[in-house]
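User: I am new to this structure and would like one close look rather than a full tour. Please pick a single small part, start there, and then show me what lies beyond it.

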Amino acid sequence: MSASAEAGRIEIDGKLFNPYSKDFIRSPWATWEKLALEYPVAWHKDLQMWVVSSHDALLDMLKDNRFSTSYKHWEHAPPAKPFEQQNHFERAIDAGLFVVDPKAHLRLRKLTMPAFSKPVMGKIDAKIRDLVVTCFDEIGTPEQFDAYAMIATKLPVRSIARMVGVPTNMEDFFHDFAVSVVKSTRINLPQKEREKSMQESLAGFQYFLDLIRERRALPHPGDDFIGSLISASDDGDRLTDYQIVAVIQAVIVAGSDTATDLHTYAIKGLLGNPQQYALLRERPELMENAIIELLRVGAFGKTPQFRFVSEDLDWRGQHFRKGQSVLLNLTAGWVDPQKWENPLQLDITRRLDGNIVFGAGAHFCIGTYLVRVQGGLMIQELMKRFPDAELLDGDGHLEYDYNHHNARRINRLIVKTNAVAQRKAA
Ligand code: HEM
């Protein structure tokens, strides 16, 4: 603990915790443990932000509205633009789940509930099963394949397209739209590049705004995802066109990068732990638990989420000033030894009560159904086609994309299928 200009402030620096360093990305475990045990709430002198790292403190902060998800509370936020001067991307961001105030957020969650309810989401399984099967058909039965290139880059955006109800002939268009939306939110990209991506995304927003208007004009807007968002009503209160495209934008931003990591880390976790892989084949009913456990142990986030302090306040013995930012170091909490026994050991039978893999409180992940279906179908197919698979040479020749903006992104993971030996044995 160092002496501080602000009396009593607990401080850390880049020597203790540098989420962008290669060493940390490869092996964050010891740093996370130190943070969770010794510096659960600390001011990072180099990053100039608070860092919250223990399970317990994270859970409290996730449930506390004074720590806002909206960048508008940040002292360095760009000046607000009037609605008339904003483009579609900016209007959708400002109408979205992360930016509106807590009351408006509650209203949005209520009105979006039907679109994420079982009757609508239940149909996703059938809609993305063939995507997963085709993805594995394309892999075939080689000696080895790269799970990042062949699975993790292919399923996430296409799954969201199916969830949103994009017609098959528009899937490539949707893919480009999703890529530009995601790039536009990457704070580590040069401003010029972000501006270019934002411009490229505008055609996609226009497509959805036109589609929504066409569907509104029909006697019944339909009972699919977009139809449910159009008809959702709370005493006559309904979502506007921009609030609907904001939901589509939110699921792209929050659901495509995360699902890319879901696939690689699930495969790494299972094939790196052959007994657990065998156990899941024997007991497929453990799938849902296994997916959460694989995400927890994989802990793919390097700078997982942020909050902005909306008012001066004292919290856990520290003084937070309005406008400061906070790194919610969720992945440190996922493997906090104060919460989990043998936190780094994958145990798909583990009781996961109280986990914060999908957050907690008002902003709890809206996409858990899609995660279960997409992850579950992928793992089922992997187990069916390659029951004897392992990671090539034990580590799958794993490589990271060290420049990824917020994830410990694996961008190479070679699976040795053992499919030929399996056929010979049969
Ligand atoms: C694959 C693994 C995933 C993980 C680990 C994950 C985790 C999370 C977490 C921790 C939050 C809370 C963020 C916060 O409080 O700041 C969140 C929110 C959210 N997630 Fe996920 N997510 C995943 C996949 C998805 C998918 C596939 C979708 C889209 C279908 C999605 C859509 C969202 C949305 C829209 C929110 C914001 C909800 C709100 O602000 O009310 N997520 N997610």
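Analyst: Let's start with Asp-235, in the loop that joins β6 (233-234) to β7 (237-238). Strands here are DSSP runs of E with at least two residues, helices are runs of H or I with at least four, and both are numbered from the N terminus. The model is predicted, and so local features are described at pLDDT of at least 70 and side-chain atom pairs at pLDDT 80 or more, while totals for chains, interfaces and linings use all residues. Residue numbers start from 1 along each chain, in the order its sequence is written.

What is the phi of Asp-235? It is near 55°, a positive value in a residue other than glycine. Most residues other than glycine have a negative phi. Asp-235 is also exposed, because 5 other C-beta atoms lie within 10 Å. The cut-offs for that word are 12 or fewer such atoms for exposed, 20 or more for buried, and partly exposed in between, with C-beta atoms placed from the backbone.

A useful comparison is Ala-299, in the loop between α16 (287-298) and β8 (305-309). Its phi is near 45°, again a positive value in a residue other than glycine. Yet Ala-299 counts as buried, because it has 23 C-beta neighbours inside 10 Å. Gly-165, which follows α9, has a positive phi near 95°.

A third loop residue takes us to the ligand. Cys-365 sits in the loop between α17 (330-334) and α18. It is partly exposed, because 15 other C-beta atoms lie within 10 Å. Setting aside residues up to four places away in sequence, Cys-365 touches Phe-358 and Gly-359; contact here means C-beta atoms within 7 Å. Phe-308 is 57 residues from Cys-365 along the chain, and the two C-alpha atoms are separated by 19 Å.

Which residues come nearest to the ligand? Of the 24 residues around it, they are Ala-254, Gly-255, Gly-359, Cys-365 and Gly-367, where a residue counts if its C-beta atom lies within 6 Å. By class, this shell has 16 nonpolar, seven polar and one charged residues. Nonpolar covers Ala, Val, Leu, Ile, Met, Phe, Trp, Tyr, Cys and Pro, charged covers Asp, Glu, Lys and Arg, and the others, Gly among them, are polar. At least two shell residues come from each of α13, α14 and α18, and the largest share, four residues, is from α13.

Helix α13 (residues 241-255) also holds Ala-246. Ala-246 is buried, because 25 other C-beta atoms lie within 10 Å. Beyond its neighbours within four places in sequence, Ala-246 contacts Ala-92, Ala-95 and Gly-96. Leu-97 is 149 residues from Ala-246 in sequence, but their C-alpha atoms are 7.7 Å apart in space.

The other two helices of the shell meet each other. The axes of α14 (residues 257-271) and α18 (residues 368-385) come within 11 Å and cross at roughly 35°; axes are fitted to C-alpha atoms over the stretch in contact, and angles run from 0 to 180 degrees between N-to-C directions. The residues in contact include Ala-259, Leu-262 and His-263 of α14, along with Val-371, Gln-374 and Gly-375 of α18. Eight nonpolar, three polar and no charged residues make up this contact.

For another helix pair, turn to α7 (residues 124-139) and α9 (residues 155-164), whose axes are 9 Å apart at an angle of about 150°. That makes α7 roughly antiparallel to α9; the word applies over 145 degrees, with under 35 roughly parallel, 65 to 115 roughly perpendicular and the rest oblique. Among the residues that meet are Ile-124, Lys-127 and Ile-128 in α7, and Leu-155, Arg-158 and Ser-159 in α9. The classes in this contact are seven nonpolar, one polar and three charged.

How many of the ten residues of α9 are buried? Ten of the ten are, so α9 is largely enclosed by the rest of the structure. Arg-158, Ser-159 and Arg-162 are among those buried residues.

One last pair is α10 (residues 171-184) and α11 (residues 191-217), with axes that come within 8 Å and cross at roughly 140°. Among the residues that meet there are Phe-177 and Lys-183 in α10, and Arg-194 and Glu-200 in α11. This contact has three nonpolar, five polar and three charged residues.

How values were computed:
Two residues are in contact if their C-beta atoms, placed from the backbone, lie within 7 Å.
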